[in-house]
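Q: Please take a close look at one part of this model, the last stretch of the chain and what it packs against. Work outward from there, and say how far the model can be read.

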Amino acid sequence: MDSKNSISSMAKIFCNDCKISMPAKKGFMVLNELWEKFGVGKNHLCMDCFEKRLNRKLTKDDLTKCFLNENVNPDTIKILQT
Ligand SMILES: [Zn+2]
């Protein structure tokens, strides 16, 4: 599967708020309007910090249907299955 290669080749990313280094598989995608309101533009947030900004837990209605959410990040996979 070449999809695996594209993920491991992603540059290291850091959470804008708590500054932890995020493994690529912990990335997640939310709806544009949500990211515009609560996100950090071209920077990244870990799920914990994004939920803090939202002031609630992410639900499957917040997440986009993308490869990352559906197949890579164990946390979003869990949310999408509920
Ligand atoms: Zn964070």
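A: Ile79 is partly exposed in this predicted model, because 18 other C-beta atoms lie within 10 Å of its own. Buried status would take 20 or more such neighbours, and exposed status 12 or fewer, so a count of 18 leaves Ile79 in between. The residue sits in helix α5, which covers residues 74-81. That helix ends the order of elements, which runs α-β-β-α-α-α-α from the N terminus.

What does Ile79 contact, once its neighbours within four places in sequence are left aside? The partners are Leu58, Thr59, Lys60 and Leu63. A further pair involves Lys57, 22 residues away from Ile79 along the chain, with 9.8 Å between the two C-alpha atoms.

The loop between α3 and α4 offers several other positions to inspect. Helix α3 spans residues 47-54, and α4 spans 67-72. Asn55 lies in this loop and has a positive phi of about 70°, although it is not a glycine. Asn55 is exposed because 7 other C-beta atoms lie within 10 Å, and the limit for exposed is 12 or fewer.

Asp61 is in the loop between α3 and α4 as well. It counts as exposed because it has 9 C-beta neighbours inside 10 Å. The C-alpha atom of Asp61 is 8.5 Å from that of Leu31, with their positions 30 residues apart along the chain. Cys66 is another residue of the loop between α3 and α4; it is partly exposed, with 13 other C-beta atoms within 10 Å. From Cys66 to Val30 the C-alpha distance is 9.6 Å, and these two are 36 residues apart in sequence.

The start of helix α5 leads back to a glycine. Is Gly27 buried or exposed? It counts as buried because 20 C-beta neighbours lie inside 10 Å, and 20 or more is what the term requires. Gly27 is in the loop between β2 and α2, the latter covering residues 32-38. Not counting residues up to four places away in sequence, Gly27 touches Met22, Leu68 and Asn73. Pro74 lies 47 residues from Gly27 in sequence, and their C-alpha atoms are 9.8 Å apart.

Some context for the whole chain follows. It has 82 residues, of which 13% count as buried. The elements are 5 helices and 2 strands. Of the contacts between residues at least 6 apart in sequence, 56% join residues at least 24 apart.

One more backbone feature belongs to Lys19, in the loop between β1 (13-14) and β2 (21-22). Its phi is positive, about 65°, and Lys19 is not a glycine. With 9 C-beta neighbours inside 10 Å, Lys19 counts as exposed.

How far can the model be read? The mean pLDDT of the chain is 89, and 87% of its residues reach 70 or more. Among the elements, helix α3 has the highest mean pLDDT, 98, whereas helix α1 (residues 2-8) has the lowest, 50. Where pLDDT is low, the predicted coordinates should not be read in detail.

Conventions
Residues numbered from 1 in each chain as written. Predicted model: local features only at pLDDT ≥ 70, side-chain atom pairs only at ≥ 80, totals over all residues. Helix = DSSP H or I, 4+ residues; strand = E, 2+ residues; numbered from the N terminus. Contact = placed C-beta atoms within 7 Å. pLDDT = per-residue confidence, 0-100.
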